[in-house]
Every structure is written in C-alpha cells, then in structure tokens.
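Here are some short exercises to work through with the sequence and the model side by side. Try each task yourself before you read its solution.

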Amino acid sequence: MKVSAGDSRDMAAEGEAVSNKQVIFKNYVTGFPKESDMYLTTSSINLQVPEGSDAVLVKNLFLSCDPYMRGRMKNFPSDDPQFSPFHPGSPVFGLGVAKVVDSGHPKFKKGDLVWGPTKWEEYTLVSSPDHLFKIHHTDIPLSYYTGLLGMPGITAYFGLNDICTPKKGERVYVSAASGAVGQLVGQFAKLMGCYVVGSAGSKEKVDLLKDKFGFDEAFNYKEEHDWDATLKRYFPEGIDIYFENVGGKMLDAVLLNMRVHGRIAACGMISQYNLQQPEGVHNLMTIVYKRILIKGFVSFDYFGQYSKILDYVLPYIREGKISYVEDIADGIESAPAALVGLFSGRNVGKQVVAVAHD
C-alpha cells in the first residue's frame, strides 16, 4: 500500500518529533492586509501530549478563513479571548477541522475528528480542548465544519432566528450574501417562507444567489450607484429584516428602507475593517421613528447551543434542500493569500484551506 508523507508521519512512533509547517503573523496591520503580513516557516513538534497534561494534539485538516480575523491583526486590548490580537512572531489563530493524534483529555481519544480553535500549522497542541467540538456526523464533508456546520452556520441560524424572528411572508435583505454566512441566511429565510433579496460583488455571485441558493432576487452592488433607490426597487414596501454583514453606506441606505418594527442582526461590517477612519452612519434617527431593533452579536455567544443547529440543518443537508458553496485553497502555503482575498471579494463561497486530506 502506498503511504503519503502525511500518513507516514501519523504512523511515527509516539514521542517522535516531526516537522510542522506554520503560518506566522509578522506584525500588526493598518489598511488592507497583505500576504507579506504573514510568512511560512517550519518548526518541529513532538507527536505526544506531555505527561500529566489534559491537552489534545491534533493534525489540522482544514483551516477556516473568516473576516473577523482582520480585527485580530490590530493591536488593541480585548477582554474577549476570541477577539484578542494575534501575537507577532506566533502562528495565526482561528478555527479549523482536525484529527486527534494524541490526547491527555478524557473526552477525546486518538482518531477522533474535531472542529474548533486551532493554529495555522500542520499540527497543534490544543491546551484548552473543552472548546473543541467532536464530529459525529462524518457522512457530511468534513470541510463543512468550517462553515455550514461550524461558526458561519451558527451565526446564520441564531442571528436569523433569535434576533430577527422571521415570519412567513416577511421581506429579508442579506448583504455579502454569497459569503459563508450570507448564503445560509438566505436559504434559511426561504425555508421559513420569506421573500429574500441578496447583494454581492460580481455577476457570477449574483447568479449563484438566484440559481443555486434560491434567493428571489439579487443585485451586484458595484453596478448600483444609488443604493437607496436600488433597495426601493427590490423592496417597494420596505424591509422587515436585514442581516448586516457590510456596514457603512450600505447600512445607511438600509435604514431608510426599513419597515416599522424592522429587525437588524449585525454580525459583521466588512466594508469598515480596513479603514483607518470608519465611515459614519447618518440615518440613525430612523431607528427611533420606525422602532427598529438592531442588535450586534457574535457566534461564540451561541456555541453552547450547537446541538440546535445540527438538529435543524442535518436533515436539510441529507435531503438536498440546502446548498453550500466552498472555495477551497490547497495546502497551508496558500493560507495567507486565501485570507487576504476575503477583503477584495476574491473568494466565491466559504473560503477554506485544505491543510491535509484525511
């Protein structure tokens, strides 16, 4: 039987040190991030958890590229460890899918598949394994646990259900709609009987929204010069629900088109992440006049309710009623370009890096 290099390392004797490619964060970033803000290096790692430790050693299979990671490239204080800055000279940190190589934790054993926090490297010693989720449903592509069954799926499901509380027939607008979160919000809203419109940045993405994800309408925001007029064209009676991924001028236009008692779930504002001086929002008084609920949230708030999204989504996946598009970059060497590409819209669908194929 032919054995790949990755397989041979997995069969290395316990305690043997092996090479470990890593993506290192160089220094704090202003403006748009560049590939040169990260670099690839190779260290070594022992394939055995230190004696007496409850850590878990994993082989990373897929790494998740997510817009929120841009905020961790800035030097700012944070009380939330999920958003604390990256450390210059250390590996980039995010979410991923991995296989357990060795474990000192009673919850995990060698061979288990998991998803959760990990470093951008081939092997990671996870010192806080309580934050890892064990993967039980392996009939679903493992890469989906970086998206549909991972953080973006949690964001879409709970943001839509808990904050926006959709009702059949309501009008829903999703910005950045072809991305990891947006494509799911639109499909979930359609399954609930809503009218759904999405915006994206290319004809290819607009076609994807209508032809694959089942949005009622979609438009290319780059081709529209007056977003207020555009939204009035697609929502002549106004917007009940806005799933906010963009911020800035788009949010300003949406506020003018919200209906009375409209709801806005704000999970991100990607148009603002790379600006040294964020754009102002001028139509805030509409929140008062129209009694609009706008609430910010992060997916980590809902990790404790993860089983709810599994119960909801898995049947739809198996019945072919939910589609999910991924943009998979091959090899850890491609990770810096994949992450940076998020901020120019280079990706189509959820951006994933395939470190190794199990």
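**Exercise 1: A covered helix**

Gly182, Gln183, Leu184, Val185, Gly186, Gln187, Phe188 and Ala189 are the buried residues of α3, where buried means under 20% relative accessible area, exposed over 50% and partly exposed in between (1.4 Å probe, protein chains only). Helices (H or I, at least four residues) and strands (E, at least two) are DSSP runs, numbered from the N terminus. This is a predicted model, in which local features need pLDDT of at least 70 and side-chain atom pairs count only at pLDDT 80 or more, while totals for chains, interfaces and linings use all residues. Residues are numbered from 1 along each chain as its sequence is written, and side-chain values use heavy atoms, with hydrogens and water left out.

Task: find what covers the buried residues of α3.

Solution.
- Step 1: locate α3 at residues 182-191; eight of its 10 residues are buried.
- Step 2: look for contacts, meaning heavy atoms within 4.5 Å. The cover includes α2 (151-164), β8 (171-174), β9 (195-200), β11 (239-244), α8 (306-318) and β15 (350-354).
- Step 3: move just past the helix, where glycine 193 has a positive phi of about 85 degrees.

**Exercise 2: A threonine in α2**

Task: decide whether threonine 155 is buried or exposed, and list what it touches.

Solution.
- Step 1: find threonine 155 in helix α2.
- Step 2: read its relative accessible area, which is 5%, so threonine 155 is buried.
- Step 3: leave out residues up to four places away in sequence; threonine 155 then touches Leu160, Val181, Phe243, Cys267, Phe297 and Ser299.
- Step 4: check the side chain. One of its polar atoms lies 2.9 Å from the backbone oxygen of methionine 151.

**Exercise 3: The open sheet**

Task: work out the strand order of the six-stranded sheet, and say which strands stand at the edges.

Solution.
- Step 1: pair the strands; two strands pair if DSSP finds at least two bridges between them. The order is β10-β9-β8-β11-β12-β13, with parallel pairing.
- Step 2: look for strands with a single partner. These are β10 (217-220) and β13 (293-296), so each has one side without a neighbour in the sheet.
- Step 3: follow the twist, which averages 15 degrees from one strand to the next.
- Step 4: zoom in on β8 and β11, which run parallel and are joined by three bridges. Tyrosine 173 faces tyrosine 242 in β11.
- Step 5: add a helix. α5 (residues 227-234) lies across β8, β9, β10 and β11, at about 165 degrees to β10; axes are lines fitted to C-alpha atoms, for helices over the stretch in contact, and angles run from 0 to 180 degrees between N-to-C directions.

**Exercise 4: Cysteines**

Task: count the disulfides, and explain why cysteine 267 is not bonded to cysteine 164.

Solution.
- Step 1: apply the rule that a disulfide is a pair of cysteine sulfur atoms within 2.5 Å. The count is zero.
- Step 2: take cysteine 65, whose nearest cysteine sulfur, in cysteine 267, is 17 Å away. Cysteine 65 is buried, at 2% relative accessible area.
- Step 3: take cysteine 267. Its closest cysteine sulfur, in cysteine 164, is 9.9 Å away, which is too far for a bond. Cysteine 267 counts as partly exposed, at 25% relative accessibility.

Conventions
Polar contact = N/O pair within 3.5 Å; in protein donor to acceptor, adjacent residues only side chain to side chain.
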